[in-house]
Amino acid sequence: MFTSTHPSLEDIVALAKRRGFVFPTSEIYGGLANSYDYGPLGAELLRNIRNEWWKQFIHKRRDMVGLDSQIMLHPETWVASGHVGSFSDPLVEDKVTAKRYRADHLIEAWLKEQKLESNEVQVENMRIEEMGEFIATKNITSPDGNPVTEPRSFNLLFETAIGSVAGEKSKVYLRGETAQGIFSNFKQILDSTRVQLPFGVGQIGKSFRNEITTGQFVFRTLEFEQAEIEYFFNPAQSDWKELFEDWKKSMWSFVTEILGIQAENLRWRQHTDKERSHYSKDTYDLDYNFSFGWKELWGIAYRTDYDLKQHINHSGKSLEYTDPYTGEKFVPHVIEPAVGVNRMFLMVLSDAYFYDAERQRTVLRLKPNLAPYKVAIFPLVKNKPEIVAKAEEVYQLCAVVAPTVWDDRGNIGKRYLSQDEIGTPACITIDYQTLEDNTVTWRDRDTTEQVRVAISDLAQRIRM
Ligand code: GAP
């Protein structure tokens, strides 16, 4: 019935703002770069994505537990993890405007302009000096057409200060990933639960990065939400490649089956040796075909025992696991599937957005489990108290089953269009016939078909 379409980023941004999914942060003060707020509908959609992730990866699995660690951890955490030393992007500055850009992004944009395939020049394999040379020899300029400085490393960690010790503030960092809270709690999780290897710890929470690149909407922001899993195992007993493949399958089925994303818009990409993070032995990205190109949605990395060993060295504490059967002590290895909730949000909006030319409407084809409202209640007219009272009764009945919205503005056709645009799977109209036989008109978002349904059957009909 529907053919696949690709909305522009402008279409998505406009719909998101118009219908209360995403607002530019602090707009009354002129906004703040790379920062967005989630409006009434955006908050619901985000929550639905987050809850599905938690349900699938924590609640439904016997080998997983959850965690909620702090945004500010002991600063030594970030020294141990390597973030203080090497969590950086290659930064250049426009020599005229002083605006900052990522050198790799300038090169990528130039390659696109020259219509050069990215496999002819692999930016992800370039060292920072090579980027500098490339920019110089190809005369690559800033988007404003000005020359740029030599690239330099720019650390992405946000610094802040806590309290006051004898007049001196102590420096801490806003976490750059949620993962480190899992590693630093590893021993406490072992001691307080009955988990046995292999097992995983998942957490959802805010992370912060001093991102330079602007203009990618909620894809790349300063403050964002990560949903990360650290899956611990004994490398002598479990084959990491098998576990890695199992996790890749779980990620793929979450995205296609639970979030309802079209498989043709997804692909796997393995990181090259030069591109891979310092801690990883193998990394794949699950990419989504965003309107601005194929980009990382979800990464999976084999982090070995790197992090736990780093924390052992820096804290002086034992983070070993004792095998309950053999008594053997060792440091477990870990596989890490790490995704951004806000990137899933943008993917879901992009994939669901559809302009139905035949019926001249925009429809968000959200899976019902993700739709902010599962059903909308329309009293046919506002000025008939019996109809309004009956509609109120139906609203109460539906609202105990699922998130429900009330709309009594404008004609029914306009109300349908309004609900289609926010992805509400069904609309229920209460009319004169309802007063006689307790039936309502049920209208389906995707087919636009209307049927008469008994009020007593509504609860079981609502799709969630
Ligand atoms: N613990 C591993 C880690 O943090 P990452 O690839 O840097 O790996 C994981 O981040 C996921 O977090 C990414 O796949 C992406 O979905 C999301 N993410 C990273 N930086 C982001 C940003 N600035 N804005 C929004 N999401 C971001």
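1. In this predicted model, a convenient place to start is glutamate 421, which lies in helix 13, the helix that runs over residues 412-422. Glutamate 421 is buried, because its relative accessible area is 14% and buried means under 20%.

2. The surroundings of glutamate 421 deserve a closer look. Its side chain is joined to the side chain of arginine 19 by a polar contact of 3.0 Å. If residues up to four places away in sequence are not counted, glutamate 421 touches Leu15, Arg18, Arg19, Thr362 and Leu364, so that arginine 19 appears both in this list of neighbours and as the partner in the polar contact.

3. Turning to aromatic rings, a search of the whole structure finds 27 aromatic pairs. One of them is formed by tryptophan 240 and tyrosine 302, whose ring centres are 4.5 Å apart and whose planes stand at 20°, so the pair is stacked. Because tryptophan 240 lies in helix 9 (residues 240-258) and tyrosine 302 in strand 13 (residues 293-304), this pair ties together parts that are 62 residues apart in sequence. Tryptophan 240 and tyrosine 302 are both buried.

4. Aromatic residues also gather into a group: Trp53, Trp54, Phe57, Tyr231, Trp247, Phe254 and Trp298 form one aromatic cluster.

5. Two charged side chains sit over tryptophan rings, and the reader may wish to find each of them in the model. Lysine 248 lies over the face of tryptophan 268, at 4.9 Å from the ring centre, while arginine 461 lies over the face of tryptophan 442, at 5.0 Å from the ring centre.

6. The ligand has 21 residues around it, and among these Glu177, Arg209, Glu228, Glu296 and Leu297 come nearest. Strand 10 (223-233), strand 13 and strand 16 (333-340) each supply at least two residues of the shell around the ligand, and strand 13 gives the most, with 5 residues. Strand 13 is also the strand that holds tyrosine 302 of the stacked pair described above.

7. Some atom-to-atom distances at the ligand can be given. A nitrogen atom of the ligand lies 3.4 Å from a backbone N or O atom of phenylalanine 219, and a nitrogen atom of the ligand is likewise 3.4 Å from an N or O atom in the side chain of arginine 303. For an oxygen atom of the ligand, a backbone N or O atom of glycine 340 lies at 2.8 Å. On its own the ligand has 560 Å² of accessible area, of which the protein covers 91%.

How values were computed: Residues are numbered from 1 along each chain as its sequence is written. This is a predicted model: local features need pLDDT of at least 70, side-chain atom pairs count only at pLDDT 80 or more; totals for chains, interfaces and linings use all residues. Side-chain values use heavy atoms; hydrogens and water are left out. Rings of Phe, Tyr and Trp (its six-membered ring) pair if their centres lie within 6.5 Å; planes under 30 degrees apart count as stacked, over 60 as edge-to-face and the rest as tilted. Helices (H or I, at least four residues) and strands (E, at least two) are DSSP runs, numbered from the N terminus. Buried means under 20% relative accessible area, exposed over 50%, partly exposed in between (1.4 Å probe, protein chains only). A charge sits over a ring if NZ of Lys or CZ of Arg is within 6 Å of the ring centre and within 35 degrees of the ring normal. A polar contact is a pair of N or O atoms within 3.5 Å; within protein, one must be able to donate a hydrogen and the other to accept it, and residues adjacent in sequence count only if both atoms are side-chain atoms. Contact means heavy atoms within 4.5 Å. A residue is near a molecule or strand if one of its heavy atoms lies within 4 Å of it. Accessible areas come from the Shrake-Rupley method with a 1.4 Å probe; for residues, only the protein chains shown count as cover.
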